[in-house]
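Trainee: Could we go through this model together? I would like to understand the words people use for it.
Mentor: Happily; let us look at it first.

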Amino acid sequence: MKPINVGIVGIGRIAAALEKDKKRYKPCTHLGSLVALKKEGKPIKLVAACDIREEAFFNIPTEFQSAKKYFSWQEMMNHHDDMDLLVIASDTYTHYEILKKALQRNIPKIVVEKPVCLLPKEAKKLKKVYARSTSKVWVHYERRYRKAYRQLKDILQTSSYTSFRGLLVLPQQNLFRTGKKEGALLHDTTHLLDLCFYLFGDLVRKKQVVSQNACRYFLEFEKASGILETILHKKLFHFELEVLTEKTRYRIGNGFSNQEAVVESPLYENFFSLKEAELFTHENFTQEDNPYLNLYRNVIHENLEQEGWRKTPPTLEKVGGNLSQPSRYKDVPPSRTKLKIWCGMRAKSGFAGFLRLSLAGHGCSGQASLERDSFLDALENVLVLSR
Ligand SMILES: NC(=O)c1ccc[n+]([C@@H]2O[C@H](COP(=O)([O-])OP(=O)(O)OC[C@H]3O[C@@H](n4cnc5c(N)ncnc54)[C@H](O)[C@@H]3O)[C@@H](O)[C@H]2O)c1
């Protein structure tokens, strides 16, 4: 089997060192995930690793110690035309330059840490470079790959009424960017915003209210409206997304996933209230449920399932053929990728009509939905929270 050659820039906590945290589920890092997939039999080879700190190289797992080491990512890229996958896990302020160059070099697959960049002008430039590149990009908002959020997304496909409330409490000092540091909103609130894009479609309207230790965004998406609240706290770290539909309130966060059914009220005639919370979905975060692994399974999926490794421009046939698989549609304009397509049913645009016909021609029937382009969502995060 042809090896999947991987390069990594930045070998700190999220690249590898967090595997030493005894309380976290495992794997919980980039190299930890790649080692786990290698042990599953995937032909993964770390060919190059780069950091500006010598001691960082000690974080590389023994399985990948043969990787060539670099102190400069430019030098690493120049020496490695053989890279199939580049992982960018260095400090946020470095992402922009590294990612821009990787896109210009058309490295076939790129996993970049969040937030993708620091400034709106960088996000806009990356959108342009991305449009011309043949690279595929995954941003490491790994919650999209968590079972509970994915199941919730399925449920929301058929829910008529939806509102949400995201709550993030953080032991951090700054909401906004200061110099090279991104601040809590870009660093953490983008995780919540990414879930909103994933679950609710495009953003239609927003309003921001900032106080000394908190920031609230009142947001209206295509499929839901609600609030994202970020609160700075001395020591508490809490992450949750609450979604209310006609029948149920879901609360999914770090360490829990609950649901409360809307039932006849035991207190008032003709009223309804919420039943006591029960488990929404069982997740044990073993190899099968692990969101980090699921993201990387998605990244390397094509290598193992399809011929060849270099990206060929996706065709409509390919789009149609992949509807049941998690896939990327970077050549489809972002405003249209969000369209949910009912094959053989009404089309919302000329493009959807075109695609509908194409899918019909390929024998697809029933409901299918195109996965949004998470990289463009991630760039949108930066634009929304930095404006
Ligand atoms: N997805 C998540 O849940 C998650 C969690 C933690 C961190 N992150 C993100 O991951 C990134 C790294 O965070 P971290 O906590 O691992 O930080 P870290 O400081 O532990 O690691 C960053 C590493 O990058 C190296 N580095 C800095 N500049 C470099 C350069 N020019 N070339 C090569 N290496 C360079 C540093 O020396 C360091 O080893 C940040 O963007 C952060 O937002 C994401």
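Mentor: Let us begin with a cut-off: a residue is buried under 20% relative accessible area, exposed over 50%, and partly exposed in between. Keep in mind that this is a predicted model.

Trainee: Why is Asn106 called partly exposed?
Mentor: Asn106 has a relative accessible area of 32%. That value falls between 20% and 50%, so Asn106 counts as partly exposed. Asn106 sits in the loop between α3 and β5.

Trainee: What makes Asn270 count as exposed?
Mentor: The relative accessibility of Asn270 is 76%. Exposed means over 50%, so Asn270 belongs in that class. You will find Asn270 in the loop between β13 (256–264) and β14 (272–274).

Trainee: And Glu283, is that residue buried or exposed?
Mentor: Glu283 is buried, because its relative accessibility is 14% and the cut-off for buried is under 20%. Glu283 lies in the loop between β15 (278–279) and α7 (291–305).

Trainee: How do you know that the side chains of Glu283 and Arg146 make a polar contact?
Mentor: The two side chains are joined at 2.9 Å, and a polar contact needs a pair of N or O atoms within 3.5 Å. The distance therefore fits the cut-off. Leaving aside residues up to four places away in sequence, Glu283 touches Arg146, Lys147, Ala148, Ser257 and Asp289.

Trainee: What is notable about the backbone of Asn106 and Asn270?
Mentor: Asn106 has a positive phi of about 55° and is not a glycine. Asn270 is not a glycine either, and its phi is positive at about 60°. Most residues other than glycine have a negative phi, and most peptide bonds are trans.

Trainee: Which peptide bonds are cis?
Mentor: Among them is the bond joining Lys26 and Pro27, with omega of about -10°. Pro27 is placed in the loop between β1 (4–9) and α1 (30–39). Another cis bond joins Lys114 and Pro115, where omega is about -15°. Pro115 is in the loop between β5 (109–112) and α4 (120–132).

Trainee: Now the ligand. Which residues come nearest to it?
Mentor: Of the 24 residues around the ligand, those are Arg13, Asp51, Arg53, Asp91 and Thr92.

Trainee: What makes Arg13, Ile14 and Thr92 polar contacts of the ligand?
Mentor: A polar side-chain atom of Arg13 is 2.6 Å from a ligand oxygen atom. For Thr92, a polar side-chain atom is 2.7 Å from an oxygen atom of the ligand. With Ile14 a polar backbone atom takes part, 2.9 Å from a ligand oxygen atom. Each distance is within 3.5 Å, so each pair qualifies. The protein covers 86% of the 840 Å² of accessible area that the ligand has on its own.

Trainee: How do you know that the ligand lies between two domains?
Mentor: Domain 1 (4–141) and domain 2 (147–282) both give residues to the shell around the ligand, so the ligand lies between them. Among the helices, α3 (92–104) and α6 (183–200) each supply at least two shell residues. The largest share, 3 residues, comes from α3. By class, the shell has 7 nonpolar, 9 polar and 8 charged residues.

Trainee: And how much of the whole protein is buried?
Mentor: Buried residues make up 53% of its 387 residues. The protein has 11 helices and 17 strands.

Notes:
Residues numbered from 1 in each chain as written. Predicted model: local features only at pLDDT ≥ 70, side-chain atom pairs only at ≥ 80, totals over all residues. Heavy atoms only, no water. Near = heavy atom within 4 Å. Polar contact = N/O pair within 3.5 Å; in protein donor to acceptor, adjacent residues only side chain to side chain. Areas by Shrake-Rupley, 256 points an atom, 1.4 Å probe, with all protein chains shown as cover. Helix = DSSP H or I, 4+ residues; strand = E, 2+ residues; numbered from the N terminus. Nonpolar A, V, L, I, M, F, W, Y, C, P; charged D, E, K, R; others polar. Domains from an automatic or database assignment. Buried < 20%, exposed > 50% of the residue type's maximum accessible area, 1.4 Å probe, protein only. Contact = heavy atoms within 4.5 Å.
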